[in-house]
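Let's take a friendly walk through a protein model. Have a look at the sequence and the structure first, then read on.

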Amino acid sequence: IYDIQHLHAALQSLVSRAAIREQELRNREMLLNTRFTTNEASKESETSIMIDRALEHQNKLHDTNKYMDDLLGQGSSILENLRDQRSTLKGAQKKMLDMLNTLGMSNTVIRLIEKRAEGDKYILIGGMLLTCFLMWLIIRLFT
């Protein structure tokens with residue numbers, strides 16, 4: 001079994017070396033068959049260094065950074081607006097509480113006036129009845 005494994009490993013080594021040699025031959029043939037020209041002669045040649053992807057990636061990172069700064073700026077302005085609204089609403093709440101306290105006092109005064117008006121009504125009716133009785137008595141006594 002050991003010999004079979006050893007032979008199998010040696011075969012794998014030979015196969016990989018043959019594949020490497022074959023790839024090197026293909027690369028050599030491709031290199032020898034390639035015609036090199038100046039960049040001006042062939043605008044579509046692959047002789048220029050391709051850094052477009054790196055530049056594009058850098059631009060995207062810069063744009064993302066700018067958008068995040070804008071987002072943070074908007075968030076801080078929203079928080080500032082909420083603080084302003086809070087102070088405005090606190091002022092409005094204070095004014096409403098003052099007005100309600102004033103209305104509460106007014107309600108108390110109105111209730112007192114209504115009670116007084118009811119008492120005055122009884123006094124008026126009593127006075128009218130007393131006057132009518134006195135007039136009847138005077139007429140009865142003097143006629």
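## A greasy patch, some charges and two helices

Start on the surface, where Leu-130, Phe-133, Leu-134, Trp-136, Leu-137, Ile-138, Leu-141 and Phe-142 make up a nonpolar patch. Taken together, these residues have about 880 Å² of accessible area. Keep in mind as you read that this is a predicted model.

Let's zoom in on one member of the patch. Leu-134 belongs to helix 2, which covers residues 52-142. Is Leu-134 buried, partly exposed or exposed? With a relative accessible area of 41%, Leu-134 is partly exposed. That label fits because partly exposed covers the range between under 20% (buried) and over 50% (exposed).

Now zoom out to the whole chain. How many helices and strands does the chain have? There are 2 helices and 0 strands. Helix 1 takes in residues 2-33. And how much of the chain is buried? Out of 143 residues, 0% count as buried. The accessible surface of the chain adds up to about 14,300 Å², and carbon and sulfur atoms account for 64% of that.

Next, the charges. Side chains of opposite charge can pair when their charged atoms come close. In this structure you'll find 3 salt bridges. Here they are, with the N to O distance for each:

| Pair | N to O distance |
|---|---|
| Arg-26 and Glu-22 | 3.5 Å |
| Glu-80 and Arg-83 | 3.5 Å |
| Arg-116 and Asp-120 | 3.4 Å |

Let's take the pairs one by one. Arg-26 and Glu-22 both sit in helix 1, 4 residues apart, which is about one turn of the helix. What about their exposure? Arg-26 is partly exposed at 48% relative accessible area, and Glu-22 is partly exposed, also with 48%.

Move along to helix 2, home of Glu-80 and Arg-83. These two are 3 residues apart, again about one turn of the helix. Glu-80 is partly exposed, with a relative accessible area of 39%, while Arg-83 counts as exposed at 51%. Why does Arg-83 count as exposed? Its relative accessible area is 51%, and the label exposed applies because the cut-off is over 50%.

Further along, why are Arg-116 and Asp-120 separated by about one helical turn? Because they are 4 residues apart in helix 2. Arg-116 is exposed, with 58% relative accessibility, whereas Asp-120 is partly exposed, with a relative accessible area of 37%.

Finally, a word on rings. Which residue has its charged end over the ring of Tyr-122? That would be Lys-121, whose charged end sits 5.9 Å from the centre of the ring. As for aromatic rings pairing with each other, the count comes to 1 aromatic pair.

Methods: Residues numbered from 1 in each chain as written. Predicted model: local features only at pLDDT ≥ 70, side-chain atom pairs only at ≥ 80, totals over all residues. Heavy atoms only, no water. Patch = residues over 30% accessible without salt bridge, like charges linked within 9 Å, V, L, I, M, F, W, Y side chains within 5 Å. Areas by Shrake-Rupley, 256 points an atom, 1.4 Å probe, with all protein chains shown as cover. Salt bridge = Lys/Arg side-chain N within 4 Å of Asp/Glu carboxyl O. Buried < 20%, exposed > 50% of the residue type's maximum accessible area, 1.4 Å probe, protein only. Phe/Tyr/Trp six-rings, centres within 6.5 Å; stacked < 30°, edge-to-face > 60°. Lys NZ or Arg CZ within 6 Å of the ring centre and 35° of its normal.
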